[in-house]
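Biologist: Could you take one helix of this model and go through it closely, stating the cut-offs behind each term as you use it?

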Amino acid sequence: MIVMTPQASEQQVEAVRERLARTGVHVVVMPGELTTAIGAIGDPQGVTELGLEGMDGVDRVVPISRPYKLASLELSHSAPTVIDVLGRRVGGGSTFCLIAGPCTVESRDQTIAVAQAVKAGGASMLRGGAFKPRTSPFAFHGLGREALEVLAEARAATGLPIVTEFLDATHADLVREHADVLQIGARNMQNYALLEVAGKLGRPVLLKRGLSASLDELLQAADYVLKGGADVILCERGIRTFETATRFTLDLGAVPWLKLHTHLPVIVDPSHAAGDRRLVEALSKGAAAVGADGLIVEVHEDPTAALCDGAQSLYASDFAAFSRTVLAHAGLEGKQLA
Ligand code: PEP
Ligand code: MN
């Protein structure tokens, strides 16, 4: 919609109408009491690129259609997408998926032990970082290839599909070979070149919301992956706000908002949002209550000795009780363990 200034002349309105018509969009001129508005129906991206704000008599260009396309609920004719990961259904409204495991693969024994504990506690998939994006270049960055091999062994031992972060396009072959779901971390949500590579690897992508990304931006990032052909699971993991008491502010409102606007499954990461294991169960129950399709949660045999994110990791010995509580809440929303 192009809104003209109150002083715009008929010639200026006509010039805008003509310019739009030449691009092939359907143009409707709507004279009002004070100003004239011109509706351009069709190819909105093309219209925003015309730079109409620079034409004489134009006050502003107001986009009416949404900026995301493939992720939009309208595109799927209102049917939610259900993603099948080795038999675990994610999305669709009747299942709840529990992705659990350590922040980082630290050793073979630690990983196998946690994998077995979360499997026994009812987890649907195993998480574990091999390549870690760390705030400091001096922090532990993961065991890389060795960690992927350990995760593959944990999958063989438990049957749990593997979720691991895809940090760098140069790891594409390695990560595709070992992982069932590729996680794009919050810090890379707007790494568009990486999103394009991730979209072409033939694995579902777990896309985390950026630390300061709006939901519109999250869905446009999802479009990059969907355009390549991969499925996307969205993840709310807390955002930066003025509040510093929790590590990030978990935006639970994002979950029902996303359900209104996208067909993609939406899960919640209570661990990175909280930064403190004592808050994780409450946030998880909240996530289930607002309609999340699942959780990704950090669990460690001995969080006090963890190399990364120990303070927010649940004790493996507490996982089964945690899982029962959260699944009871998901059950109230009509969802059963995936
Ligand atoms: C993680 O899952 O360990 C992680 C680094 O998450 P995020 O990208 O959300 O910070
Ligand atoms: Mn972590």
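**A close look at helix α11**

Modeller: The buried residues of α11 (buried being under 20% relative accessible area, exposed over 50% and partly exposed in between, with a 1.4 Å probe and protein chains only) are Phe319, Phe322, Ser323, Val326 and Ala330. These residues sit on the same side of α11, because they cover an arc of only 95 degrees around the axis, the arc being that of the directions from the helix axis to the C-beta atoms. An α-helix has 3.6 residues a turn, so residues three or four places apart point the same way. On the other side of α11, Arg324 and Leu332 are exposed.

This is a predicted model, in which local features need pLDDT of at least 70 and side-chain atom pairs count only at pLDDT 80 or more, while totals for chains, interfaces and linings use all residues. Residues are numbered from 1 along each chain as its sequence is written, and side-chain values use heavy atoms, with hydrogens and water left out.

Helix α11 comprises the 14 residues 319-332 and reaches 20 Å from its first C-alpha to its last, close to the 20 Å expected at 1.5 Å a residue, where the expected span is 1.5 Å times one less than the number of residues. Helices here are DSSP runs of H or I with at least four residues, and strands are E runs of at least two, numbered from the N terminus. The cover over the buried residues of α11 includes β7 (95-101), α3 (108-120), α10 (277-289), β14 (294-300) and β15 (314-315), with contact meaning heavy atoms within 4.5 Å. After α11 comes Gly334, whose phi is positive, near 80 degrees.

Conventions:
Chains are lettered from A and ligands numbered from 1 in the order in which they are written.
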